[in-house]
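Colleague: I have a new model on screen and would like to work through it with you. Shall we go step by step?

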Amino acid sequence: MLRNRGVSVSFAGSPDRIEARLVPEAGFEFDPFRISGLPRRPGRAQLRAVLLAGRAPRACARILSARRPDVVLGGGGYVAGPMVYAAWRKRIPAALTEADAQLGLANRIAAPFARRVFLAYPVSGRDGSRYRVVGRPVRPVDEIEQTEARRRFDLPEHGPVVLVFGGSQGAQALNDLAVDAWGAEGPAVLHLCGERYVEELTRRDLRPDYRLLPWTEDFAAALAASDLVVARSGGSVWEVAAAGKPAVLVPSPNVTADHQTKNARQFEAAGGAVVVAEPDRARVPAVVTKLLADDVRLAAMGEAMRRAARPDAADVIAEELITLASA
């Protein structure tokens, strides 16, 4: 969105994370600096993280001196904090994005140094003039006919299809639930299980219309092929919403401040999702069966998800950044 407005964009981050490869592949310049997350348990890794965090603002300041940007955007997480702080020290306007319904630790620390904080969801206590709820930017959803999408994954042309995923890394609780519930019978399933689980799950006796994959780069087609989604409620839930797909959301309990449950409740309140707590996940197959039997409700939920998606999030952020840069 920024490039479309004639803005020059570069990225900075850790050389040890996936963005160090993906950013150059996407055609952007990338400036590395050393930083790591803070482990919860005391030890050498925690000490190393603290030392890197102390050095990172100086490395970020050098990057800023070389790039001379008009505005800085931090994408949340521990990588963004030192750069936003360094920008504040140099009086360069900076902004942050928060992807969850709970402000993360890194963003809570960095927020005082940012002129604007873009929230995906309303966050209690974060409603001043610096905070704006915009949704989460996602890639534009490709318009793919369901028949074509199903052909790409060798799924039946007719009948319901359930898409199951636990994020790109997978989720064992959802994997076991899906295979146990639908591996032998039930609706056709497209199951994106995560690379680390695929070898184990392929040993299971699955019927031909139960399609098991570690992940797919054609996620838009995976969504287009489905009638209902069963998933966690991390960042990918926004892509589900943008595609207008009704969902059964099983939030991960293994996240800070239970933010996935807060995320999921937002879409449930909008009318687009049913939330099932992980300890109650045995209810999911019955919920799915009931929803697939009710075309009117599925359609209404899909429209509710589409309304909740905020497809203009990227445009709103881009315009605000340009305004900050011009101030």
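**Sheets, a ring pair and a pocket**

Modeller: Start with helix 3 (residues 80-89), which lies across strand 3 and strand 4 (94-98) and runs at about 155° to strand 4. Keep in mind that this is a predicted model.

Colleague: Which helix packs on the sheet, touching strand 3, strand 4, strand 5 and strand 6?

Modeller: Look for a helix that touches those four strands. Its direction makes about 180° with that of strand 5. The residues are 313-326, so by numbering from the N terminus this is helix 13.

Colleague: What is the order of the strands in the open sheet of four?

Modeller: Begin at the edges. Strand 3 (72-74) and strand 6 each pair on one side only. The pairing is parallel, and the order is 3-4-5-6.

Colleague: How far are neighbouring strands of this sheet turned against each other on average?

Modeller: Direction is ignored here. The average turn is 20°.

Colleague: Which residue in strand 6 stands opposite Val 117?

Modeller: Strand 5 and strand 6 run parallel, and three bridges join them. Opposite Val 117, in strand 6, stands Tyr 131.

Colleague: Why does the pair of Tyr 121 and Trp 238 tie together parts that are apart in sequence?

Modeller: The two rings form a tilted aromatic pair, 5.1 Å centre to centre, with 50° between the planes. Tyr 121 lies in the loop between strand 5 (116-119) and strand 6 (131-133). Trp 238 lies in helix 9 (residues 237-242), so the pair joins parts separated in sequence by 117 residues.

Colleague: How many aromatic pairs does the count come to?

Modeller: Ring centres must lie within 6.5 Å to count. By this rule the count is ten.

Colleague: Which are the edge strands of the open sheet of six?

Modeller: The order is 9-8-7-10-11-12, with parallel pairing. An edge strand here pairs on one side only. That gives strand 9 (210-213) and strand 12 (273-275).

Colleague: Which residue of strand 10 stands opposite Phe 165?

Modeller: Strand 7 (residues 161-165) and strand 10 (residues 228-231) run parallel, joined by four bridges. Opposite Phe 165 stands Ala 231.

Colleague: At what angle to strand 12 does helix 12 run?

Modeller: Helix 12 (residues 295-308) lies across strand 10, strand 11 (247-249) and strand 12. Its angle to strand 12 is about 95°.

Colleague: Which helix gives the largest share of the lining of the second largest pocket?

Modeller: This pocket holds about 210 Å³ of space. It is lined by 13 residues, and the closest to its centre are Asp 142, Glu 143, Ile 144, Ala 224 and Ala 243. The lining divides into seven nonpolar, one polar and five charged residues. The largest share, three residues, comes from residues 219-225, which form helix 8.

Conventions. Residues are numbered from 1 along each chain as its sequence is written. This is a predicted model: local features need pLDDT of at least 70, side-chain atom pairs count only at pLDDT 80 or more; totals for chains, interfaces and linings use all residues. Side-chain values use heavy atoms; hydrogens and water are left out. On a 1 Å grid over the protein atoms alone, a cavity is a set of points where a 1.4 Å probe fits but cannot get out, and a pocket is an open set with protein on both sides within 12 Å along at least five of seven lines; lining residues have an atom within 4 Å of a point. Grid points are joined across faces, edges and corners, and a volume is the space filled by probe spheres set on the points. Helices (H or I, at least four residues) and strands (E, at least two) are DSSP runs, numbered from the N terminus. Ala, Val, Leu, Ile, Met, Phe, Trp, Tyr, Cys and Pro count as nonpolar, Asp, Glu, Lys and Arg as charged, and the others, Gly among them, as polar. Two strands pair if DSSP finds at least two bridges between them. Contact means heavy atoms within 4.5 Å. Axes are lines fitted to C-alpha atoms, for helices over the stretch in contact, and angles run from 0 to 180 degrees between N-to-C directions. Rings of Phe, Tyr and Trp (its six-membered ring) pair if their centres lie within 6.5 Å; planes under 30 degrees apart count as stacked, over 60 as edge-to-face and the rest as tilted.
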